[in-house]
Amino acid sequence: MKTLLYFLLLLAAPFALHSEHKITVIGTGYVGLVSGACLAEFGNDVLCCDIDKSKIRQLDNGEMPIFEPGLKELVQKNSHLNFSSNVADAIRKNDIILICVGTPMASTGEADLSALYSAAKLIGENLNSPKTIYIKSTVPLGAVKKIEADIQRHNKNSTDFSVAYLPEFLREGSAVQDFMHPDRVVVGSESKEIQKQVSEMLKPLQQRNVPFLFTKIESAEAIKLVANSFLAVKISFINEIANLCDQTGADIFEVAKGIGSDSRIGNKCLNPGPGYGGSCFPKDIQAILNNAQELGVDLKVITAATEANHYQPKVVIEKLKNTLQAPLKGKTIGILGLAFKANTDDVRDSPALRVVSKLLEMGAKIQVYDPQAMLNAKKTYPDLVYCKTSYETAKNVDAIMLLTEWEEFSQLNWVQIHNSMNTPFLIDARNILDKDNLGKIGFILTGIGRPGKEFSH
Ligand code: UGA
């Protein structure tokens, strides 16, 4: 029996070893850290590196530089995951390199690819053996081939290397879950070796029959930007329909359910709100619009979606003005939620902050609370009144605006909140509160596209 087991183990061993790859991940932001931790969980040996020494020090001490559900546990438990602030050395160590550096939007509206080009230069200079480089950072159309050329420019020894585009579709706030359970994996490469290598790196996903789509590099670049653009269009669309519902008496929940049940439409991304934000949608949409303009193609639908998105915070503020029936100057407004969506500490391009900024312009006094995002918000808005709890935020205010859909906001003791406010006006810009229950408590609650009994034709 023992001999048979030994034999079976011997048979299995090459497969187990085969699926383990040694991978260097450059960049420990949302994409890099989550990808690194998940790839290690899949059995690969991962070295995450970053030029930011303080980030690496934090990670070595088991602390997370970002808030992402499940990430800390994954990083702490994984012995296959290591960190380094010596990027050149990390590149030389492994033959698979994932580039996950940030490509934020510059003030010109163009994507800032400087971190990507710095990584390309370092890779070129440190090609001590043939390597495969996977670009995971989101890039404008056509950028992958330019990065490839740049690596070659710095590759003085003419060492072999290949480049593929491996776009990421994870969402902040559910990034670990999204990496582990993607709808699909897109691999921009026509090389059979690369296709095999990716399948091995992500073996657990293959085993679960997650579809792997192998495409041309150009197609993978387009898939990434077009997916985000399509979702943004969908959100702007439902926001406009919600605004229409406000005028007709229809309930956006019912309308969204009714249309979303048609499998051609689908029920995701149909929640209206104060507009989309974050570090991806606004930037990626701008990137595709810039690309199209350069190429002389007019993307009217996507342009309209961005216009609608700029307008949406104004819709939310109009609701507040209509509720208060008075100018906002001198009014005290309690803000619940600053993050661009729930379960993240990220405030980049947050619609909540767009609303806050407009309220300040109009002379309102603001007191705010967010479970995770206040430290980040303080960097741009140091002078707001930051409260320790939602209850503190609600004290003596003329109205509350709920701008981020944190689950804890729906669990609050709303009777206590009601009793501490000057006037019981509540704008629920995320439609997460129970209108009927809050109405019974005495709130005048306004949602988005959910006109209540007060509606009359
Ligand atoms: C988005 C995409 O969903 C990911 O697939 C992609 O990988 C990522 O960008 C990226 O390119 O890196 P993310 O920005 O984390 O992910 O957030 P989403 O959950 O998509 O939300 C984006 C914005 O749309 C948020 O402001 C959110 O509140 C808003 N939204 C989303 C709505 O207003 N309504 C909805 O129904 C859905």
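Trainee: In this predicted model, how do the residues of the shell around the ligand divide into nonpolar, polar and charged?

Mentor: The shell around the ligand holds nine nonpolar, three polar and seven charged residues. Of the 19 residues around the ligand, those that come nearest are L170, E172, K224, N228 and N271.

Trainee: What makes the pair formed by N228 and the ligand a polar contact?

Mentor: A polar contact needs a pair of N or O atoms within 3.5 Å, and a polar side-chain atom of N228 lies 2.8 Å from an oxygen atom of the ligand, so the pair meets the cut-off. The side chain of R430 likewise has an N or O atom 2.8 Å from an oxygen atom of the ligand, while for L170 a backbone N or O atom lies 2.7 Å from a ligand oxygen atom, and therefore these pairs also count as polar contacts.

Trainee: Which element gives the largest share of the shell around the ligand?

Mentor: Helix 11 does, with three residues.

Trainee: How do you know that C38 is in no disulfide?

Mentor: A disulfide requires two cysteine sulfur atoms within 2.5 Å, whereas the nearest cysteine sulfur to C38, that of C48, is 10 Å away, so C38 does not qualify. For C245 the nearest cysteine sulfur, that of C269, is 18 Å away, and C245 is in no disulfide either. By this rule the count comes to zero disulfides.

Trainee: Why are C38 and C245 called buried?

Mentor: Buried means under 20% relative accessible area; C38 has 0% and C245 has 4%, so both are called buried.

Conventions:
Residues are numbered from 1 along each chain as its sequence is written. This is a predicted model: local features need pLDDT of at least 70, side-chain atom pairs count only at pLDDT 80 or more; totals for chains, interfaces and linings use all residues. Side-chain values use heavy atoms; hydrogens and water are left out. Buried means under 20% relative accessible area, exposed over 50%, partly exposed in between (1.4 Å probe, protein chains only). A residue is near a molecule or strand if one of its heavy atoms lies within 4 Å of it. A polar contact is a pair of N or O atoms within 3.5 Å; within protein, one must be able to donate a hydrogen and the other to accept it, and residues adjacent in sequence count only if both atoms are side-chain atoms. Helices (H or I, at least four residues) and strands (E, at least two) are DSSP runs, numbered from the N terminus. Ala, Val, Leu, Ile, Met, Phe, Trp, Tyr, Cys and Pro count as nonpolar, Asp, Glu, Lys and Arg as charged, and the others, Gly among them, as polar.
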